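Student: Could you take me through one part of this protein closely, residue by residue, and then show me what else is worth a look? I would like to know what is covered, what pairs with what, and what touches what.

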Amino acid sequence: MAGAGKTTAIDIYDHHGRRAMIHAIARCRPARCKGTYIVACHARPVFRAVLLTLSLLCTTISIGGGVSGAVASAPARAGTAAVSPVEPGPLETVAGSGERGYEWGLDGDDEGGLATEAKLGEVSDVEVDHAGNLYIATASFYSTNGTSVHRVAPDGTISRVAGGRPSEAGVSHWDLTPDGLGRVSGVAVGPDGELYVADDRANQVVRVDPGGESTVVAGTREDGNAGDVGPATSAQLESPKDVAVGNSGELYVVDAGYIRRIDTDGIITTIAGTGLGEPSSGDGGPAVEATFTRPWDIEIDAAGNIYVNDLTWRNEDNEIPSHRIRRIDTDGIITTIAGGETCGHTGGGGPAADAELCDPSEIAVAADGTIYLDDPEYHQIRVISPDGTINRLPTYVHDLAALAIGPDGALYVGDGTLRQVHRIPLGEPGAAPDGRDTSAVAPDLWADADPHVATGVAGTGTDGSFGDGGPATDAQLSSASDLAVGPDGTVYVLDHDNDGWHWVRVRTIDPDGTITTVAGGGDQRGDSREPGPTWGDGQLATEQALGNVRGIDVAPDGTLFMADRGLRRVRSVSPAGLVSTVAGTGEIPEAGDVPWSGVAATHMVLGSPEDVAVAPDGSLYVSDSQRHQVFHIGRDGEVQVAAGIGTAGSSGDDGPATEAELDTPSDIDVGADGTLYIADGGNRIRAVGPDGVITTFAADVSLRGIRGLAVDDSGTVYSSEVGSIRKIGTDGTVTTIIDSRDLPFVLAADGVAFDGTGNLYFSQEHQVFVLPRVDEEVIPEEAEEEATGTPWPWAIIGVLVAAAGVAGYVLIRRRPGRFG
């Protein structure tokens with residue numbers, strides 16, 4: 001027990017199933033020799049000499065040579081560090097304090113303040129110009145608050161550029177601001193820095209010059225669609241929702257069921273659509289002949305293609321469903337590139353044309369043609385790559401209301417009801433954000449260590465959560481309840497304390513012995529109960545307060561997975577430190593729920609996720625003790641039942657695992673051949689082979705409450721229990737390798753994990769130990785005797801003679817008169 005203060009070493013030697021222990025403590029050395037305690041601390045002097053000599057004899061017999069099965073404290077060793085894949089950076093708030101208010105930027109005294117401290121209205125659109133100025137449109141249904149457009153300069157200061165409070169506040173929510181705006185629904189920036197504003201209440205498009213002067217460029221404030229092929233200022237508009245600037249300076253306006261273009265000479269023309277509230281049609285033909293159900297947002301890419309969201313139209317009499325993204329190419333041909341009539345969230349990792357969307361009202365197009373769109377129901381952002389594949393960003397946004405790409409390639413996101421704007425760095429191809437390097441091969445840190453000699457690698461033995469940034473052996477651990485080892489040899493420790501959310505952390509012990517918190521310990525806590533991302537997703541894991549995490553594992557690329565029983569989710573932490581939701585909605589399962597299979601993992605309802613295990617192919621297994629099942633999550637994010645029918649029991653051996661019963665499955669691990677091992681019912685380990693057949697791998701009443709499970713490359717399983725760590729061979733033979741009877745404390749190893757070089761790590765309350773090369777055979781006693789070079793009979797005789805000499809000396813000292 002390194003750092004405990006008194007204990008300097010604990011050696012355990014395996015002698016035919018029994019052990020001898022030498023527990024060296026300062027000034028007093030109680031010893032146990034093959035089941036017999038010899039205590040020489042408080043005996044009479046004459047007997048103390050004899051007992052100490054016998055203790056020395058027992059020690060000599062026990063030590064006989066470096067043998068396996070020992071536990072000893074030793075300093076941690078050094079190793080290499082590690083690289084993360086390209087991924088979005090952490091979400092950063094760039095504007096809005098989140099407080100309700102609309103006064104910022106409307107009063108002269110407030111101009112020039114920090115944007116992050118501003119009280120904004122509900123965000124309705126965002127745009128970024130080439131100089132890096134961020135424009136934020138805010139609106140309200142309440143006349144006393146009005147509508148505004150704010151500008152956030154690159155230095156982070158905010159000012160108002162258009163709008164404000166209505167000129168006659170309180171009369172009607174149709175009241176216009178002093179500069180004539182009713183409600184800003186969309187904004188766009190021109191090539192010379194001019195701002196175009198779509199106003200769906202005043203039925204106009206207004207241009208605001210860099211100097212602040214505003215000019216109407218389209219609309220008469222009358223509701224209608226007349227005026228084509230004439231001056232845009234004389235034409236009618238019908239609730240324009242958005243505006244975009246083309247590559248030649250022309251304007252495109254989403255106008256009810258139409259897309260209209262305003263040329264640089266001011267002439268307006270309808271280029272797509274035949275009216276509002278019609279089923280979408282016309283794909284593959286001229287856009288001018290196509291119908292839109294309800295166009296909403298519009299974007300232009302670098303090639304001049306036009307992208308439009310086409311959404312569901314509703315009135316009192318009927319509803320026409322549409323959840324589409326449509327493209328009008330430079331030849332005027334219209335095509336649906338994603339979505340259809342069905343509201344859904346399918347298709348991740350596949351063609352966007354086959355995916356289901358649900359009310360994607362916002363869209364942004366990057367310079368490389370990547371399309372970003374919102375999934376408002378599930379608070380996430382979906383991404384269509386230039387090759388047509390659809391995925392999602394691992395980022396939670398409460399109320400997705402606006403998207404825009406900045407000149408730096410970052411994505412700006414408007415959060416409507418939270419009244420904030422966030423920035424998400426997207427990175428460039430080939431770029432790597434700051435994060436843990438996982439490309440290094442795991443070093444064999446214990447190549448020169450004695451096999452089976454347990455070495456303390458973290459913790460002082462006292463309760464706490466301090467010491468980050470320093471040696472792990474000097475740090476405090478609260479409760480090391482689970483372990484995992486990364487591809488570079490980094491040890492991950494689930495440091496769990498039931499006192500509160502702030503005390504659940506995942507900490508890493510780098511190969512050089514430094515301890516660091518990589519997840520948890522922050523003050524941001526959220527528990528949204530719905531599919532998709534949850535609060536904190538897309539942000540730094542160290543800023544979050546974790547739930548009741550029960551199990552962890554690490555993928556080959558360095559991604560950390562956590563089974564969070566408190567949030568009823570599986571979450572991951574990327575090598576760059578960003579947290580995201582992998583599985584679960586957070587909802588409480590209802591009685592009678594059928595087993596989940598064939599759905600997106602983020603849409604499944606987990607009962608009590610206990611542990612996670614990464615398979616050799618990078619897919620993931622999750623045990624659910626409440627559902628009595630183990631689930632498999634493929635690399636495509638789809639979930640399948642791997643084992644269990646959902647009722648508690650132990651039936652089904654030698655048949656399909658999906659037809660077997662499990663009893664509160666807890667810890668799981670996956671072997672190199674893909675075999676899944678399940679701690680089932682507390683005293684049973686079951687195996688599901690690559691063929692899906694389940695068998696009982698080990699069942700024994702002596703397996704006293706399995707707490708941890710780890711399997712090595714050969715298929716040998718190690719289980720930690722109350723009082724011992726056992727080894728179960730491939731033939732099912734159970735062998736104890738550490739037992740509490742051999743220790744000065746009750747062994748309560750919660751977690752066990754293997755590294756890539758055959759070393760077994762185990763946790764013990766406030767400490768973590770390693771057993772190097774635990775798979776090596778124990779040296780036979782006969783071999784030990786030969787190795788000493790001294791025949792054991794002569795050694796025993798010599799020690800007894802020495803004992804007699806010491807005893808005689810003591811007697812003479814106590815009776816001087818009789819001999820002199």
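Tutor: Happy to. A residue is called buried if its relative accessible area is under 20%, exposed if over 50%, and partly exposed in between. Please keep in mind that the model is a predicted one.

Let's begin with Glu299, which sits in strand S20, residues 295–300. Its relative accessibility is 18%, and because that is under the 20% limit, Glu299 counts as buried. What does Glu299 touch, once residues up to four places away in sequence are set aside? The list is Asn305, Ile306, Tyr307, Ile363, Ala364 and Val365. Another residue to find from here is Ala404: it lies 105 residues from Glu299 along the chain, yet the two C-alpha atoms are separated by 9.6 Å.

Three of those contacts, Ile363, Ala364 and Val365, take us to strand S24, which covers residues 363–365. S24 belongs to an open sheet of four strands, ordered S24-S25-S26-S27 and paired in the antiparallel sense. S24 is one edge of this sheet and strand S27 (390–392) is the other, each of them pairing on one side only. On average, and ignoring direction, neighbouring strands here are turned by 25° against each other. At the S27 edge, strand S26 (residues 380–384) is joined to S27 by three bridges, the two running antiparallel. If you want a pair to pick out on screen, Arg382 stands opposite Arg392 in S27.

Now for some other strands to set beside this one. Strand S9, residues 147–152, is mostly covered, with five of its six residues buried. S9 has a partner in strand S8 (residues 134–139), where the antiparallel pairing runs over five bridges and Ile136 stands opposite His150 in S9. S9 also pairs with strand S10 (residues 157–164), again antiparallel, through six bridges; there Val152 stands opposite Ile158 in S10. S9 and S10 make a hairpin with four residues between them, and Gly156 in the turn has a positive phi of about 90°.

Positive phi values also turn up in residues that are not glycine. Arg419, in the loop between strand S29 (411–415) and strand S30 (420–424), has a phi near 60°. Is Arg419 buried or exposed? At 9% relative accessibility, Arg419 counts as buried. Thr664 has a positive phi as well, about 45°, and its place is in the loop between S45 and S46. With 37% relative accessibility, Thr664 counts as partly exposed.

That loop leads to another open sheet, made of five strands in the order S45-S49-S48-S47-S46 with antiparallel pairing. The strands on either side of the Thr664 loop are the edge strands, S45 (655–656) and S46 (668–670), and each pairs on one side only. Further in, strand S48 (residues 684–688) and strand S49 (residues 693–699) run antiparallel and are joined by five bridges. Ile685 stands opposite Ala698 in S49.

S46 brings us to empty space. Rolling a probe the size of a water molecule over the atoms shows where such space is left. The second largest pocket has a volume of about 830 Å³. Its lining has 39 residues, and those closest to the centre are Val485, Asp553, Asp669, Phe754 and Asp755. Which elements give two or more residues to this lining? They are strand S32 (480–485), strand S36 (549–554), strand S41 (609–614), S46, strand S50 (708–711) and strand S54 (752–754).

A last stop is His766, in the loop between strand S55 (760–764) and strand S56 (767–771). Its side chain reaches two backbone oxygens: that of Ser478 at 2.8 Å and that of Leu477 at 3.3 Å. Leaving aside neighbours within four places in sequence, His766 is in contact with Leu477, Ser478 and Ser479, and also with Ala458, Gly459, Thr460, Gly461, Thr462 and Asp463.

If you go back to the starting point, Glu299 in S20 is buried at 18%, with residues 363–365 of S24 among its contacts.

Methods:
Residues are numbered from 1 along each chain as its sequence is written. This is a predicted model: local features need pLDDT of at least 70, side-chain atom pairs count only at pLDDT 80 or more; totals for chains, interfaces and linings use all residues. Side-chain values use heavy atoms; hydrogens and water are left out. Two strands pair if DSSP finds at least two bridges between them. Axes are lines fitted to C-alpha atoms, for helices over the stretch in contact, and angles run from 0 to 180 degrees between N-to-C directions. A polar contact is a pair of N or O atoms within 3.5 Å; within protein, one must be able to donate a hydrogen and the other to accept it, and residues adjacent in sequence count only if both atoms are side-chain atoms. Contact means heavy atoms within 4.5 Å. Buried means under 20% relative accessible area, exposed over 50%, partly exposed in between (1.4 Å probe, protein chains only). On a 1 Å grid over the protein atoms alone, a cavity is a set of points where a 1.4 Å probe fits but cannot get out, and a pocket is an open set with protein on both sides within 12 Å along at least five of seven lines; lining residues have an atom within 4 Å of a point. Grid points are joined across faces, edges and corners, and a volume is the space filled by probe spheres set on the points.
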